[in-house]
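Thanks for coming. I will go through one model this morning, starting with the cysteines and then moving to the helices. Please have a look at it before I begin.

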Amino acid sequence: MSEQGVTGAAATPDLNDTTDPVGRLDRLPVGPWHRRLTAIVGIGAFFDLYEVFLGGVLAAALAESWQLSGTEKSWLIASGFLGMFVGANVLSVLADRFGRRKMFLVNLGLYSLFSLASAFAQDATQLSVLRFLAGLGLGAELVLVDTYLAEFLPRKVRGRYIAWAYTLGFVGVPVAALLGARLVAKHELFGVDGWRWLLVGGALGAAFIQLLRTRLPESPRWLVSRGRAAEADAVVRGIESQAPAAIEQRGPGQSPATATPVQRPETADAQKVPLSQMFKPPYARRTVMWWIFQILQTVGYYGFGSLAPVVLQAKGHTVTESLTYAALSYLGYPVGSALSVPLIDRIERRTLIILSALGIAAFGLVFGFAEASWLIVGAGFLLTVCSNVFSNAFHVYQTEIFPTGMRSSAIGIAYSLSRLTSVVLPFIAIDVLEDLGANAVFIGSGVLMLVLCLNVRLLGPRTTGRSLESI
């Protein structure tokens, strides 16, 4: 759907204006600069995913030594998500106002500080409060990853490169899970409880990634939306200077700016867009669809990642066994993420989301009913494979359905609903688990994933292969 006339104030751009930095970004040949950017940004996504895993580990590891009640276990899982809910609403809106780069530095800084402080917690209340504060920093991490990469990457590789970014992040999840199982099993390392090392490791890793991100440029698309075209031009020129392949693609005497002009439709993306626009056509339908989606996807995606160790404990497995089985299941995260790379630009994003969501529902049921160890691990592995095809598809999709001027805010507000659902989910799921068993948890999850599929099919637009400005 064209965004023409959305703001009413936009003037139709000169389609022959070859100095347009946004158009030049899409025309740039893909090279080492794009791959380096994708790696630096993508690795940071690990910490959001690490926190999802960590809540369940802490609840399982501390249940006996701290004699946690069901409510305290729920809060250990939920507190980080509650912080992410607040952080997603605040930092994603600030990213549209102050820039993507600044918020990238703020969010990991907050997470690193309070994750380190969490390692010194002495009881469940202290740990829950500090995990809430760490969650504040992580709230907008994936929103910023999606927004930032989508605004830099040429449309022909946007899907694949964002998928590669998440693959890098997800490689660390099973590694962290296996490491966590060993640390928890050993109880202590150098006289310090094993679970505390998991928090220290997250804090130090985030600090290192934050240092790498200090060299990132601001998004030219965001700069243009704020009327700072000269700064946007400078950023794009810097990228062009590192793209020597572009020289071979232009004629004698042409600069990168004048190579193969691409016509772009009139769009609200060229200027600041008020946040209220997300509730007006054509975005109102997309906003409703995405709010429903974010609430429902939490149950199938984050529900498994955060609750798997607790579910396995409820099936009668020891803490070490539960964490080991969960870690082996988590191997499917990087596999599924890598599998999505060749699929994501070949299959319509909306269709890929639906197919992978059906896979999550099916393998979740098998995991819930399974008793044999091999079947538990196998079903969990296939579930996480589907989960990350699903995840990468929807992370790309959400960057494409809102314009630059409100992209971070619109995605962040919707994304915060998934975090709010994640706060409530442990309290409901653990009660259902204790009263009705694992089967009921995954039956309910499967039904909600079917509703998600209908929502996306009926209300979601097609986006694959189209420029951000034309969707």
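I start with disulfides, counted as pairs of cysteine sulfur atoms within 2.5 Å. The count by that rule is zero. As a reminder, a disulfide is a covalent bond between the sulfur atoms of two cysteines. Two cysteines can be placed all the same: C386 is buried at a relative accessible area of 16%, and C453 is buried at 8%. Buried here means under 20% relative accessible area, exposed means over 50%, and partly exposed is in between, with a 1.4 Å probe and protein chains only.

Now the ground rules. This is a predicted model, where local features need pLDDT of at least 70, side-chain atom pairs count only at pLDDT 80 or more, and totals for chains, interfaces and linings use all residues. Residues are numbered from 1 along each chain as its sequence is written, and side-chain values use heavy atoms, with hydrogens and water left out.

Next, the chain as a whole. It has 19 helices and two strands. These are DSSP runs numbered from the N terminus, with H or I and at least four residues for a helix, and E and at least two for a strand. Of the 471 residues, 59% count as buried. Contact means heavy atoms within 4.5 Å. Taking contacts between residues at least 6 apart in sequence, 86% of them join residues at least 24 apart.

Let me turn to one helix pair. Two packed helices are described by the angle between their axes and the distance between the axes. Helix 12, residues 283–300, and helix 18, residues 407–436, have axes that come within 8 Å and cross at roughly 35°. The axes are lines fitted to C-alpha atoms, for helices over the stretch in contact, and angles run from 0 to 180 degrees between N-to-C directions. The crossing of helix 12 past helix 18 is right-handed, meaning that the near helix is turned clockwise from the far one by less than a right angle; anticlockwise would be left-handed.

Which residues of helix 12 and helix 18 make the contact? From helix 12 they are W290, W291, Q294, I295, Q297, T298 and V299, and from helix 18 they are I413, A414, Y415, L417, S418, T421, S422 and L425. By class, that contact has nine nonpolar, six polar and no charged residues. Nonpolar covers Ala, Val, Leu, Ile, Met, Phe, Trp, Tyr, Cys and Pro; charged covers Asp, Glu, Lys and Arg; the others, Gly among them, are polar.

Two residues on these helices deserve a word. Q297, in helix 12, counts as buried at 0% relative accessibility. Leaving out residues up to four places away in sequence, Q297 touches Y302, F390, F394, S418 and L452. The C-alpha atoms of Q297 and M449 are separated by 6.9 Å, with their positions 152 residues apart along the chain. V423, in helix 18, is buried at 8%. Beyond its neighbours within four places in sequence, V423 is in contact with A78, F81 and L82. V423 and L76 are 347 residues apart in sequence and 10.0 Å apart, C-alpha to C-alpha.

A similar case is G446 in helix 19, residues 438–459. G446 counts as buried at 8%, and its C-alpha lies 9.6 Å from that of G359, 87 residues apart in sequence.

On helix lengths, the expected span is 1.5 Å times one less than the number of residues. Helix 4, residues 100–118, has 19 residues and should span 27 Å, and its end C-alpha atoms are 27 Å apart, which agrees. Its buried residues include R100, M103, F104 and N107. Helix 8, residues 194–213, has 20 residues and reaches 29 Å from first C-alpha to last, close to the expected 28 Å. Among the buried residues of helix 8 are W195, R196 and R213.

Last, two backbone details in loops. P281 and P282 are joined by a cis peptide bond, with omega about 0°. P282 lies in the loop between helix 11 (245–248) and helix 12. Q67 sits in the loop between helix 2 (32–65) and helix 3 (70–98). Its phi is near 50°, a positive value in a residue other than glycine. Is Q67 buried or exposed? Q67 is exposed, at a relative accessible area of 69%.
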